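Colleague: I am new to this structure and would like to be taken slowly through one part of it, with the terms explained as they come up.

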Amino acid sequence: MAQCETSVQHSGTRHHLEVPKLTSAVAEHYNKMPERTRTERQALRTAALRKYNNLVKRALIEQCSGAKRIVDLGAGKGGDLFKWATLGASKLLLVDVASDSLQHADMRYQHNRACMGSMNIFLRCASMAEPFEEELRAQFDAVSCMFALHYAFCEETVRNVAHVLRPGGKFVGTIVHSGRLHTLSPLNELCSVEWIEGSADDEYYFTLCEAVERVRESLVHWHVLVRWCAKYGLRVHRVCNFTDLVTPKSHMSADELEVARLYVAFVFVRTEV
Ligand SMILES: C[S@@+](CC[C@H](N)C(=O)[O-])C[C@H]1O[C@@H](n2cnc3c(N)ncnc32)[C@H](O)[C@@H]1O
């Protein structure tokens, strides 16, 4: 794989990054996504749903209170930077296949340096299924994977999570409930699913208005996730519907509510090894 090197300046320290030139369709899709200003985000049709998802993510991140060293898998443009900084994180490793998204995350961090407390960020442009270095073993207090596990749902990803987490560390994230995706209303104007017939991994094309345009994803079967997690020393601590974690807002549309109800939030804990 071709490599290009870049470097990032954080609070006087220079961190060198190996950035692979990934050309996968998913990376290209997310690299092309426009960066929106706060005002533009507020004007979106899905503004209320986005706000709600952010509340859910904040609630999940709060489950990691006390965590200082974090890995964010599928971190995108760093939409959770503030949440982790508010929690008191000191080191945040952002992992994503989309190099442009990571650079946006870095810019967001630099522009808001004053609100980031003592948190430093590190960027890793790679798939979350690519193994972490041996020296990262048990080095992190929490790993999060928000709205991204369906892009790399495989045993290697789970093994990576377990590899970097210290005993007692938390793995938090969100997944689509596989059964509910099958019953998504075809009349939903915000979200649609096209099943790919004959695909071995229950794959589908997913579209979510103003966010995802017909991107190929895999169903994340909860029982499979639990089995892989158990194999690598991750025990279920909590699993619940989004709507049980955060009460939906009254101004959300019926279509937005249906999308919110598709999702499940989880917390696993790394057991002693
Ligand atoms: C829906 S976005 C979620 C971004 C962020 N976690 C959030 O909650 O706002 C999914 C992200 O996963 C990233 N992604 C897709 N496949 C990936 C993979 N195999 N490894 C790491 N990141 C991946 C995409 O580039 C994208 O940034």
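What is the order of the strands in the open sheet of 3 strands, and is their pairing parallel or antiparallel?

Modeller: Before the sheet itself, please keep in mind that this is a predicted model, in which local features need a pLDDT of at least 70 and side-chain atom pairs count only at pLDDT 80 or more, while totals for chains, interfaces and linings use all residues. Residues are numbered from 1 along each chain as its sequence is written.

The order of the open sheet is E8-E9-E10, and the pairing is antiparallel; strands here are DSSP runs of E with at least two residues, helices are runs of H or I with at least four, and both are numbered from the N terminus. Two strands pair if DSSP finds at least two bridges between them. In general, the strands of a sheet pair through backbone hydrogen bonds, either parallel or antiparallel. Strand E8, residues 191-195, and strand E10, residues 212-218, are the edge strands, since each of them pairs on one side only. From one strand to the next the twist averages 25 degrees, where axes are lines fitted to C-alpha atoms (for helices over the stretch in contact) and angles run from 0 to 180 degrees between N-to-C directions.

Taking the pairs one by one, E8 is joined to strand E9, residues 203-208, by 5 bridges, and the two run antiparallel. Within E9, the residue opposite Cys 191 is Leu 208. On the other pairing, E9 and E10 are antiparallel over 5 bridges, and Glu 203 has Ser 218 in E10 as its bridge partner.

E9 and E10 form a hairpin with 3 residues between the strands, and there Glu 210 takes a positive phi near 65 degrees, which is a positive value in a residue other than glycine. Glu 210 sits in the loop between E9 and E10, and it is partly exposed, because 15 other C-beta atoms lie within 10 Å. On this scale a residue is buried if 20 or more other C-beta atoms, placed from the backbone, lie within 10 Å of its own, exposed if 12 or fewer do, and partly exposed in between. A positive phi of about 50 degrees is also found at Arg 214, although Arg 214 is not a glycine. Arg 214 belongs to strand E10, and it counts as exposed because it has 12 other C-beta atoms within 10 Å.

For comparison with the rest of the model, there is also a ligand, surrounded by 21 residues, of which the closest are Gly 74, Gly 76, Met 146, Tyr 151 and Ala 152; a residue counts as near if its C-beta atom, placed from the backbone, lies within 6 Å. The elements that give two or more residues to this shell are helix H1, residues 25-32, and strand E4, residues 91-96, and H1 gives the most, with 3 residues.

As for confidence, the mean pLDDT of the chain is 89, and 90% of its residues reach 70 or more; pLDDT is the predictor's confidence in each residue, from 0 to 100. Over residues 1-23, however, the pLDDT is below 50, and this stretch has 35 contacts beyond near neighbours in sequence, a contact being two C-beta atoms, placed from the backbone, within 7 Å. Where pLDDT is low, the predicted coordinates should not be read in detail.
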